[in-house]
Amino acid sequence: MAHETSIQTRSSAAFAACGLALLLVTSATAAGPDYVRDVKPIFERHCYSCHGPEDQTSSYRLDVRDVALKGGDSGEPAIVPHKAAESAIIRHVTNPDPDQRMPPADADVPPLSPEQIATLTAWIDAGPSWPDQLAGSTDDGRMDHWAWKPVRRPDVPAGGLANPIDRFLLAHARGAGKPLAPEADPRSLVRRLTYDLTGLPPSAADVAAFDNDHSPAAYDALVTRLLDSPHYGERWGRAWLDVVRYADTAGDTADFPVMDAWRYRNWVIDAFNRDLPYDEFLRQQLAGDLLAGVPDDKSADMILATGYWALARRFGADGDKDMYLTYDDAIDNLGKAVMGLSISCARCHDHKYDPITTRDYYGLYGMLASTTFAFPGTELKPTPRDMVPIMSANEQSLMTAWNVELSRLEAELGHRDADWRSQANQADTFAPVLAPLAAGEIPALGAQDVLLPDQSSTVTLRAGEMLQLAVLMRANNGGDATRIDLVIEEQWGDKRRWSAVEDLVPDLHQGGVGAVHADTRGNAATWLLYDIENGATLLDRWEPELFGTKGVPAWRRNDFPLVMVNTRDEPVRLQTITAPPRSLALHPGPRAGVALAWRAPADGVYRVRGRVEKIDPSGDGTAWRLDRRADLRDHFAAAGKLAAERAAAMAARDAHLAKKLPQQFAYAVSEADEAANARILLRGDPERLGPEVPRKNLDIFGGETVDRGSGRRELASWLCRPEHPLTSRVMVNRIWQGHFGRGIVATPNDFGVKGQPPTHPDLLDWLATEFVRQGWSVKALHRLIVTSAAYRQRSGATDSAYPQLRRRLDAEEIRDSLLDVAGGLDLTPGAAHPFKMTSGYRYSQHTPFAEFFDSKKRSIYLITLRLRRHPMLGLFDGADPNAATPVRDVSTVPTQALYFLNDPFFHDCAAAFARRIVSASGDDRGRLDAACRIAFQRPATPPEQERAARFLADVVAQLTDVSEAERPASAWIALGRVLLGSNEFLYLD
């Protein structure tokens, strides 16, 4: 039956039970409808689109009796023999709700007619017949496919050539009478081999040395030197990164950058350089964290390898909600990269062509769902998490000791902090409020006078007693900036006058004394600034320029509360407020107020007046209070002693923090806290769960299950068995393709039924067995291939038994070669990219990460973005980092030609190339010879000398807008662009 995702469970329930009934009845009764004439046409018309040979929703099909007997994923019988009224199939086809009825309302076929329902009812009541000769079969030949068969080691054909590869190729072509072509000329052969093994051009000296060495061992020595080059790993590491769709960004809606992805990239390069056996290469990528054991350099290396899994693409703005898509991407890549299979086709239904079931898919899915993937951050969750720490055993020991000492220092600081806070809370015990004097609220912009309630506005104070003016939050979470002044006038004796503005605005800091200030008459500790949350605590943080604003110093605790002054003669804008000229302002904190207090220098009667003005246009207003309170001097003295002890403890803790070992993290995976089997997602929908499936191997390769841990270790073991029919075949095919331009299997990611069969099956199997026999050595396989006569043939010989093809350099080779001839290629390995932030990125779907970083290192070390292609590498058919790239396309489009005309990078390289040429010789003939040796690794020919001379003369004559002295150099730059854009530079013979 045709369907959409929303009806899968119903279809399973409706039909799964056919099997139970069919097991009991296999022939028609005399009274019942005929299966062939009456029932099968109904199934074909209404059911086979979902449960027939091409598609099996919920793993259920009605065209094959043996499969129908097993039922679908729901396990619910659909047919109860002789009891149509109790059969789910009748219940579903008669359901009055069109959203529940089968076929569903949105199907491409109409619902069953009353007559058809009556036929099915009668067929079930009579005992559902199904003739043996019409039982159907799942044996459609898929199991006979060549790729499922064991790898065998055929005998090497007889012949005169030493390399078995050549003998296999000649034996295959013997019927056509085609030999191998003659060997390529030395220059072409050295260029081909050097690019194939290192991705870089040879030097002219390399070509000349090989051309002049006629010993039989010369070629083997060249192969050995190139395989031992550190650039070999960069070339073949790039090929593997193509297949595993490496990128430095996550691929989610904001394409978040992944800071530590480069560690996996460099691990791959190093693995190829040290010829890590391919089976171990796979094991470490699939389960390196489980194989690591005791922390050391080797175990850290294995953890880096699991970046293979972590590199799976992320989706959506949340990330966590769409992990099922990340698991799907990982399963898809595992199938294509390692086994050459399209496993993810089985996410919604059994594979239509290969013997891979939905249960197989979710057996692998459970392994990944039991694994913790490093989280790179997404638009809605921008902070990375679950990165895996990597360190050696010695580093681990040092880190443990460091953590122990940190715990001790933190405990000590905690004690000091508790004592200090306790002292602050005792302010009212040391100096209680003796009398509230005045209070008020300013709900919006406005001002109030601070007036005492009696007519005289005076208050009697003893020496040391204080007048405390506090600004408090009124209604919002935090108060508003409030301009204040407090003026105190002595009524007896000298009749002195104090003003907060006059005393504090000129010098809020007072030379480091702190938030305790003298007056202008030399009386110490006259003005005090403190936080009144949980008692009283002096403001302890001095800022000479608040928010970087000159002339606006401040005292604060944390961010707020604070006291600030504008010492300038003009208003100053500070975020949302404007501070008036020569003003003092208080800003309370989110939980309590901030106070300015004046301490009486002598017994007396004092007149008090003041002003409170809200200067912040936002917020809910300001509250204020004026109190008379006892002297806080002894309280602050005791608190100061405890504060000093606390500061010393904090300094010790901070000094220890500075000694922390720089911890490194891998973008990798680790075992989840709990491993669990997955449930089938019906039609791939995460909101519609089917039955549970054990974590398991693919049935076609053994079907083993896992009962502890994620199962990744077991998966690695299963895939790396020497007898696995695909693992070795797939890899040798990739390496063959890298040297001949096409694989023995032309579909390197699809060895399944719909893929291309091998052109030389015996050769493929012999290479696969030889690969394993030589310890899965990739370098040994390279050596075997490139030392064959087939590889060393001249290109373009169509009558060859296996033609060697001319090829264009790939995108990375073009860029690296341009930098090389320009003399600017940096051959040191790359590391981390210069991201601007380490956490809390703020990228979104509308402003995703989209930054490329200039570099002269090899192209493999350039940043790779998933949602934006590198301008040059993308233009020349670089790999798509969103999916496995088994074969690079080679396009020829006008924009590539325009690149050589207009691109600044190309022009810069051509200019640097020209400078090398000009400095190499004093005359044009010598310069052209140097140019050809640098670019083409050969001397210039006489015709080229003539054409170059004409070209240079023509260009000089046309450069009328350039000074006469500069024209020759400009002409050589133009000729450099011609040479570097030529086919000879861009293609290998």
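Colleague: Which handedness does the crossing of α24 and α26 have?

Modeller: Good place to start. Please keep in mind that this is a predicted model. As a general idea, two packed helices are described by the angle between their axes and the distance between the axes. Here, α24 and α26 make a right-handed crossing. Helix α24 covers residues 727–740, and its axis comes within 10 Å of the axis of α26, at an angle of roughly 45°.

Colleague: What word describes α24 relative to α26 at that angle?

Modeller: With a crossing of roughly 45°, α24 is oblique to α26.

Colleague: Which residues make the contact between α24 and α26?

Modeller: On the α24 side you will find M731, V732, I735, W736, H739 and F740. From α26 come V778, L781, H782, I785 and V786. Sorted by class, the contact of α24 with α26 contains 9 nonpolar residues, 2 polar ones and no charged residues.

Colleague: How many residues of α26 are buried?

Modeller: Buried residues number 8 of the 9 in α26, so this helix is mostly covered. The buried residues of α26 are V778, K779, A780, L781, H782, L784, I785 and V786.

Colleague: Which residue caps the N-terminal end of α26?

Modeller: That is S777. To see the cap, look for a side-chain oxygen of S777 that lies 3.0 Å from the backbone nitrogen of A780.

Colleague: Let's try a second helix pair. At what angle do the axes of α30 and α31 cross?

Modeller: The axes of α30 (residues 904–920) and α31 (residues 924–936) cross at roughly 130° and come within 8 Å. That angle makes α30 oblique to α31. As for handedness, α30 passes α31 in a right-handed crossing. The residues in contact are F913, R916, I917, V918 and A920 of α30, together with R927, A930, A931, I934 and A935 of α31. By class, the contact of α30 with α31 divides into 8 nonpolar and 2 charged residues, with no polar ones.

Colleague: Now the backbone. What sign of phi do most residues other than glycine have?

Modeller: Most residues other than glycine have a negative phi, and most peptide bonds are trans. In this structure, W776 has a positive phi of about 60°, although it is not a glycine. W776 lies in the loop between α25 and α26. With a relative accessible area of 5%, W776 is buried.

A525 is another residue to look at: its phi is positive, about 50°, and it is not a glycine. You will find A525 in the loop between β9 (516–517) and β10 (527–531). A525 is partly exposed, with a relative accessible area of 23%.

Colleague: And the peptide bond from M102 to P103: cis or trans?

Modeller: The bond from M102 to P103 is cis, and its omega is near -10°. P103 sits in the loop between α6 (88–93) and α7 (114–125).

Colleague: I'd like to read a single residue in its surroundings. Is D765 buried or exposed?

Modeller: D765 counts as buried because its relative accessibility is 6%, and the cut-off for buried is under 20%. D765 belongs to helix α25, residues 761–773. Its side chain is joined to that of R729 by a polar contact of 2.8 Å. Setting aside neighbours within four places in sequence, D765 is in contact with P150, V151, R152, P154 and R729.

Colleague: Where is V745 found?

Modeller: V745 is in the loop between α24 and α25. At 0% relative accessibility, V745 counts as buried. Leaving out residues up to four places away in sequence, V745 touches W146, N733, D750, F751, Q756, P758 and L764. To compare sequence with space, take V745 and Y841: they are 96 residues apart in sequence and 44 Å apart from C-alpha to C-alpha.

Colleague: One last residue. What is S795 in contact with?

Modeller: Beyond its neighbours within four places in sequence, S795 contacts R192, Q804, L805, R806 and D989. S795 is in the loop between α26 (778–786) and β25 (807–808). Its relative accessible area is 18%, and S795 is buried.

Note on methods: Residues numbered from 1 in each chain as written. Predicted model: local features only at pLDDT ≥ 70, side-chain atom pairs only at ≥ 80, totals over all residues. Heavy atoms only, no water. Helix = DSSP H or I, 4+ residues; strand = E, 2+ residues; numbered from the N terminus. Buried < 20%, exposed > 50% of the residue type's maximum accessible area, 1.4 Å probe, protein only. Polar contact = N/O pair within 3.5 Å; in protein donor to acceptor, adjacent residues only side chain to side chain. Contact = heavy atoms within 4.5 Å. Axes fitted to C-alpha atoms, helices over the stretch in contact; angles between N-to-C directions. Parallel < 35°, antiparallel > 145°, perpendicular 65-115°, else oblique. Left-handed = near helix turned anticlockwise from the far one by under 90°. Nonpolar A, V, L, I, M, F, W, Y, C, P; charged D, E, K, R; others polar.
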